[in-house]
Amino acid sequence: MVHASLQEAAVPSKASGYAAALVTVVIWAVWVIATRHGRQGAIGATELGLIRFGVPALVLAPVWLRTGLMPRGVSPLVLFLMVCGSGAPFFHLAAFALRFAPASAAGVLLVGAMPLATALIGIVVFRERPDRLRLAGLGAILLGIALLLTSLLEAQHIAWQGYLLLPVAATFWAVYTHAFRRSGLGALEGSALIAIWSFLIHIGLAFTVGVDFSGIGFQALGIQVVAQGLLSGLAATVAYGAAVRILGSTPAAAFAALVPVMAAFGGALLLGETIGPVDIIAALVTGIGVALSTGILSRRR
């Protein structure tokens, strides 16, 4: 009986899987808010990128040193698309957009649009055929985006470049998703390679355009090191991997439905951003669409 109890204790419970998934989406929402906060302050995109990718590149050095910068069996094109899709180019697109767009918009137009862009690439390029519930989810995401854009039409002095670039960044992430699925790499290996390549890109940018950390306060720098490097760069990778391992990929991915709502309320509470009823409805509708788009309610085939 003692042996059986030890075996049961060794098997991760679903509760721990749900906790890991919740930790992941909280970190994703924190990343949106922290990036928005940093871009509103004295921190440039290159400085943010050095923090975001430098910390995981250092911590995950044993992983990328083992695989090498160009792992055997991984197409250079696939690796290039992975780095572009979730590494330095994606980061700079999102960081530039968040200089102008509030966190609530990023929750809908970035996080919400990611599964939409992923599905569209799958349908057009790889001839995937989502079922009706997933199509309904994609439709809900489009409705959420439309609601948000409708509310923007009534606002004045909107910096449209931020809102336009968020869906572009979401498309980059969708490209990464499809490339990673076909890479044959594990989550930790993929994260390590993206981190080191993106860090090297930022080292090149630092020598080209220069960096200046002198105007950044110690508190602001500490916030970004924790939010960008430790949480987004490391903890989210580990937590999401644990959630997928315990719950499966579909239930774990469904938790991303919480991010648009978290980002909207987090931006209001922590950054003082204004959100109206339409913004809240757009975040809720988009969140429902994200959940449905994962196929969590679809029939198992």
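Accessible areas here come from the Shrake-Rupley method with a 1.4 Å probe. On that footing, the predicted model shows about 14,900 Å² of accessible surface, and carbon and sulfur atoms own 69% of it. As for what sits inside, 49% of the protein's 301 residues count as buried.

The fold itself is quick to describe. It is helices from end to end, with 14 of them and zero strands, so the elements read α-α-α-α-α-α-α-α-α-α-α-α-α-α from the N terminus on. Is the overall size what a compact globule would give, or not what it would give? For 301 residues, such a globule would have a radius of gyration near 19 Å, and the protein comes in at 19 Å, which agrees. Along the principal axes, the C-alpha atoms fill a box of roughly 65 × 45 × 45 Å. Contacts tend to tie together stretches that are well separated in sequence: taking those with a separation of 6 or more, 88% involve residues 24 or more positions apart. Charge is uneven too, with 17 positive side chains against 9 negative ones, and 12 Å between the centres of the two sets.Helix α14, covering residues 277–293, makes a good close-up. Its 17 residues should span 24 Å at 1.5 Å a residue, and the C-alpha atoms at its ends are indeed 24 Å apart. Which residues of α14 are buried? The list takes in Asp279, Ala282, Ala283, Val285, Thr286, Gly287, Gly289, Val290, Leu292 and Ser293. An α-helix has 3.6 residues a turn, so residues three or four places apart point the same way. The cover over the buried residues of α14 includes α7 (103–124), α8 (132–153) and α13 (259–271). After α14 comes glycine 295, with a positive phi near 85°.

Two of those covering helices, α7 and α8, are joined by a loop that holds glutamate 128. Is glutamate 128 buried or partly exposed? Its relative accessibility is 32%, and because buried means under 20% and exposed over 50%, glutamate 128 counts as partly exposed. Setting aside neighbours within four places in sequence, glutamate 128 is in contact with Gly122, Ile123, His178, Arg181 and Arg182. Alanine 21 is another matter: 107 residues from glutamate 128 along the chain, with 26 Å between the two C-alpha atoms.

How values were computed: Residues numbered from 1 in each chain as written. Predicted model: local features only at pLDDT ≥ 70, side-chain atom pairs only at ≥ 80, totals over all residues. Heavy atoms only, no water. Helix = DSSP H or I, 4+ residues; strand = E, 2+ residues; numbered from the N terminus. Rg over C-alpha atoms; globule rule 2.2 N^0.38 Å. Buried < 20%, exposed > 50% of the residue type's maximum accessible area, 1.4 Å probe, protein only. Contact = heavy atoms within 4.5 Å. Lys, Arg positive; Asp, Glu negative; His and termini not counted. Charge placed at Lys NZ, Arg CZ, Asp CG, Glu CD. Expected span 1.5 Å × (residues − 1).
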